[in-house]
Structure formats: C-alpha cells, structure tokens
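User: I've got this model open and would like to talk through how it is put together. Can we go piece by piece?

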Amino acid sequence: MRKLSLIVVLIAVAIAVIAAIALNNPSTQDELFKRVANTMVGAPAPAFDGLRVVVCGSASPLGNDPARAQACIAVITPEHLFIFDIGARSPQRIAQARLPLRRLTGVFLTHYHSDHISGLPDVNLASWVQGHHTSLQVYGPPGIDRVIAGFNLAYELDRGYRVAHHGAELLPPAGHPMTPVTVQTDGIAWQDELMTIRSFPVVHDPVHPAVGYRVDYRGRSVVISGDTVAVEALFEAAAGADLVLH
C-alpha cells in the first residue's frame, strides 16, 4: 500500500513539474492566451439575415446591481457590428451574447457621461485579443478627441506590457490605440453601400453636445436616442423606424 501511495505521489510530482515547465514556455502561454480569449466570447453566434439589435445594458448610472449593465446597444448585420455606448458591466453582456468582436466595425458614443463610456477599454482589449488588429474607430460628438486621448494614454503602459509578453504577431501594437472620429450633431455619421448611420441633436442638459443615432439597413431601421428629454429632433428621426430605444 505504501509503495502504491509513493508511486501516486511521484506521478503527481512529475505531472506538476512538467506542467510548470510547459507554463513557462512562451508558445504554451500564447496558446492558453488564445483559448482564454475564445472562451470569453464562447461559441460563435448563429448566422442570421437582416438587422439584429441586442440590449447589452440599460441600468441607471446610480444603480449598483451586478446583474444589470449600464448603457450599451449593439447593432449587428451579416456585414457590420456597431456598439452604441458602453457603460460598466456591458462588456460582460457582450461576451454573454457571443458578439463577434473580431469584426467590430466601430463604436458610437451619444455623450460622455461615465455610464456611457467606462466599458470602452475592456471592449477595445477584448477585440484586439480576438483578432481585431486595426485601430478601433470610436465616433462621437465634439469632445471625442479628449476622451479617446485620455483612454489611450491611461492604457499605454498596459499595451506595452502585453505586446512584450505575447509578441507583436499575436497582438500588433497598432491594433490597440483607439482612433477618435468626430461626428456632426446632425448629419450622416457613417455610411457604406448597405447601411447609413445618421446623428441628430438631443437635449441632455447640462451635457452638450449630446446626440442620438438612426441606423438604416436594407429597409430596416433602429433609432437610439441616448439620454434625452422628448425633443422634436427625436420624433423626426424616429419617423417610420422599426424600433426606437429611448
């Protein structure tokens, strides 16, 4: 019995030693890193046609319910993935919804209250790790340059550490810093041959400027008001829309 116990102990020690050596190997670490990144989003979401909208967060900025995330709406088509606002805990909801961040087209912000922007660095990191190797475009009304410059500066050291540890092939340095894009408070914010995103002004005093967005895609449309009182510009933007989130 003692011999059997000794053999079991020796086998366990051998396995532990082998595991320790393997975990200290850079290629093994990178493989584990990739697997963890894939686990963050789970299996790919089912394929679909048309326009899909996911509410990833709708909680009050003053609420502290861990079961609810702050403001975040995802708009997905077979060709696009846009996220509108991204508050605290919404990155976890994005992962639970299995949204394909590797093909994240861009992020639109309605205004710069903390509960609409605080999750941005987490989504930027997650998309970078999952293979989005070009700079993430972040759109917003005037002021977006300051917001993105601040996030890029705050995470500059973190970016360097991760590239040094995992290598530029896995995490290209150019893929991490975000790029700010200022949108007009009333006009076309983004467009391709299939989709048009229009911005419109809203009233969210004392915040200024603040905007909402209307997304049109193949005859379907969704309006995202952001935080606002009822204003004529919202009614005009929402005319004929299939879905309004207000």
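User: Is C72 buried or exposed?

Analyst: Before the answer, note that this is a predicted model, where local features need pLDDT of at least 70, side-chain atom pairs count only at pLDDT 80 or more, and totals for chains, interfaces and linings use all residues. Residues are numbered from 1 along each chain as its sequence is written, and side-chain values use heavy atoms, with hydrogens and water left out. Buried means under 20% relative accessible area, exposed over 50%, and partly exposed in between, with a 1.4 Å probe and protein chains only. The relative accessible area of C72 is 1%, so C72 is buried.

User: Which cysteine sulfur is closest to that of C72, and how far away is it?

Analyst: A disulfide here is a pair of cysteine sulfur atoms within 2.5 Å, and by this rule the count comes to zero disulfides. C56 counts as buried too, at 2% relative accessibility. The two sulfurs are too far apart for a bond: the closest one to C72 is in C56, at 4.3 Å.

User: Which residues of the largest nonpolar core touch the most other members?

Analyst: A nonpolar core is a set of buried Ala, Val, Leu, Ile, Met, Phe, Trp, Tyr and Cys residues joined through side-chain atoms within 4.5 Å. The largest one has 26 residues, and those touching the most other members are I83, I94, L99 and V138.

User: Which helix gives the most to this core?

Analyst: Helices (H or I, at least four residues) and strands (E, at least two) are DSSP runs, numbered from the N terminus. Strand 1 (52-57), strand 2 (72-76), strand 3 (81-84), helix 4 (120-129) and helix 5 (144-154) each bring at least two residues to the core. With four residues, the top contributor is helix 5.

User: What is the bridge partner of I83 in strand 4?

Analyst: Take contact as heavy atoms within 4.5 Å; leaving out residues up to four places away in sequence, I83 touches C72, I73, I94 and F108, among others. Two strands pair if DSSP finds at least two bridges between them. Strand 3 and strand 4 (residues 106-108) do so in the parallel sense, over three bridges. Across in strand 4, I83 has as its bridge partner V107.

User: Which strands stand at the edges of the six-stranded sheet?

Analyst: This open sheet has mixed pairing and the order 1-2-3-4-5-6. Each edge strand has a single partner, so one of its sides is left without a neighbour in the sheet; the two are strand 1 and strand 6 (179-182).

User: At about what angle does helix 5 run to strand 6?

Analyst: Axes are lines fitted to C-alpha atoms, for helices over the stretch in contact, and angles run from 0 to 180 degrees between N-to-C directions. Helix 5 lies across strand 5 (137-140) as well as strand 6, and its angle to strand 6 is about 170°.

User: Within what arc do the buried residues of helix 5 fall?

Analyst: The buried ones are I144, V147, I148, F151 and N152, and they pack against helix 4, strand 5, helix 6 (156-166) and strand 6. The face turned away from them carries the exposed R146, L153 and A154. The arc is that of the directions from the helix axis to the C-beta atoms. The buried residues line one face of the helix, because seen down the axis they fall within 125°.

User: How many residues of strand 8 are buried?

Analyst: Strand 8 (residues 195-204) pairs in the antiparallel sense with strand 7 (residues 187-191) over four bridges, and with strand 9 (residues 207-217) over nine. Strand 8 is largely enclosed by the rest of the structure, because its buried residues number seven of the 10.

User: What is omega for the peptide bond from D205 to P206?

Analyst: P206 lies in the loop between strand 8 and strand 9, where a hairpin joins the two strands through two residues. Another cis peptide bond, with omega of about -5°, joins H208 and P209. The bond from D205 to P206 is cis as well, with omega near 5°.

User: Is R218 buried or exposed?

Analyst: R218 is found in the loop between strand 9 and strand 10 (220-224). R218 has a positive phi of about 50° although it is not a glycine. Its relative accessible area is 58%, so R218 is exposed.
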